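Reader: Please take me through the hollow spaces in this protein, one at a time. I would also like to know what frames them.

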Amino acid sequence: MQFSLHDTINFLSKLSLPRLYNLAQLLISYQVTKLRGKPVQWGLPMTLSFEPTTACNLRCPECPSGLRSFTRPTGNLKADFFKKTIDQLSSKLIYLIFYFQGEPYINPDFLKMVAYAKAKRLYTITSTNGHFLTKKNCVETVNSGLDRLIISLDGTTQETYESYRKGGSLDRVLSGIKEMVETKKEMKSHTPHILLQFLVVRPNEHQIPEVLKLADALGVDEVRLKTAQVYDYKNGNDLIPIDEKYSRYTQKEDGTYRVKNTLLNHCWKLWHACVVTWDGLVVPCCFDKDAQHKMGDLKHFDFEQIWKGDIYNGFRKKLLGGRNQIDICTNCTEGCKVWT
């Protein structure tokens, strides 16, 4: 992973005594939980993912937004609801991720919410497919104070790119990246930290050397190779890379595949992070894309009531009893990433 002095200093500047104390509470309660085998939860999350929208302009084959396969309703996050929630948590939060499903820039209030979070001195991150990086949006992105911008670029030719990013235009994404880099220079801004992300799948794995050269030529701050989650993997899948280094899955002697990670019966994410959908549902992590495991609804309860409530603690207890019994955990590949 590439080191950026400006990004590191920027992140450290967000830390405060209340946030560090909250982090200490989370770490200690997590370790106590592992020792006792029973859920102990002190503190509030240090990381929150807020979903700006479920809408997307692309149709990527392993994405519920792309496949239009949600059973939950689609819509855009409302700014007033977002502000109310952030006001409850901002003194303890460190990271605020404006992403779950969908393309964030489709929400017309997205950058206004980023600016609100910035005013709370939160480190803000979003992930985009890069099709909305017009000059106007680039200027507004810099002005919003967004700290980190992850741009997906999953191919160096149109043919390879659109084999996964269905309906996408490589030229449009490259133009947007150049616009964002140039806008930062024009506005003399160190933010957002521009991270080019390459999701490694079988159709594009041969282009890894090319994307590294391209990232350098574009002048982005960082490039990351990321392994892909595949839903139907047990009998093989055309998206699983040939080079196992870039795969979240490994082939067994009988020819079937399994997740590389060992499913240990504890999970740090359940102690330090969670996801809030556009309409206020709290779900345990980013693997619950269709919000099947609802911990609570922020339209009816305050966040802390949900975070420390019976449903959440019951889920943590169930996880400690066996992650292989929870559907979203069986394909959990947290940690299976490749860093350049």
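Author: What follows covers confidence, then the pocket and cavities, then the sheet.

This is a predicted model. Its mean pLDDT is 91. Of its residues, 95% reach 70 or more. Residues 335-340 fall below 50. Even so, that stretch has 22 contacts in the model beyond near neighbours in sequence.

Take the second largest pocket. It holds about 220 Å³ of space. Which residues line the second largest pocket? Pro64 is there, with Gln229 and Tyr231. Phe287, Asp288, Lys289, Asp290 and Gln292 also line it. Asp327, Ile328, Thr330 and Asn331 complete the list. Helix H13, residues 327-330, gives the largest share of this lining, with 3 residues. By class, the lining has 4 nonpolar, 4 polar and 4 charged residues.

Now the cavities. How many cavities of 30 Å³ or more are there? The count comes to 2.

The largest cavity holds about 90 Å³ of space. It is lined by 11 residues. Closest to its centre are Cys267, Leu270, Cys285, Cys329 and Cys332. Two elements give two or more residues to this lining: helix H10 (269-272) and H13. H13 thus appears at the second largest pocket and at the largest cavity. The classes of the cavity lining are 8 nonpolar and 3 charged, with no polar residues.

The second largest cavity has a volume of about 40 Å³. Phe81, Lys84, Thr85 and Gln88 line it, along with Leu298, Phe301 and Asp302. Here the classes are 3 nonpolar, 2 polar and 2 charged.

Next comes a helix that leads to the sheet. Helix H4 spans residues 79-89. H4 lies across E1, strand E2 (95-98) and E9. It runs at about 175° to E1.

E1 and E9 are themselves partners. Strand E1 covers residues 47-50, and strand E9 covers residues 273-276. They pair in the parallel sense over 4 bridges. What is the bridge partner of Leu48 in E9? It is Cys274.

Both strands belong to an open sheet of 9 strands. The order is E6-E5-E4-E3-E2-E1-E9-E10-E11, and the pairing is mixed. Strand E6 (222-227) and strand E11 (296-297) stand at the edges. Each has a single partner strand, so one side of each is left without a neighbour in the sheet.

Technical notes: Residues are numbered from 1 along each chain as its sequence is written. This is a predicted model: local features need pLDDT of at least 70, side-chain atom pairs count only at pLDDT 80 or more; totals for chains, interfaces and linings use all residues. Side-chain values use heavy atoms; hydrogens and water are left out. Two strands pair if DSSP finds at least two bridges between them. Contact means heavy atoms within 4.5 Å. Axes are lines fitted to C-alpha atoms, for helices over the stretch in contact, and angles run from 0 to 180 degrees between N-to-C directions. pLDDT is the predictor's confidence in each residue, from 0 to 100. On a 1 Å grid over the protein atoms alone, a cavity is a set of points where a 1.4 Å probe fits but cannot get out, and a pocket is an open set with protein on both sides within 12 Å along at least five of seven lines; lining residues have an atom within 4 Å of a point. Grid points are joined across faces, edges and corners, and a volume is the space filled by probe spheres set on the points. Ala, Val, Leu, Ile, Met, Phe, Trp, Tyr, Cys and Pro count as nonpolar, Asp, Glu, Lys and Arg as charged, and the others, Gly among them, as polar.
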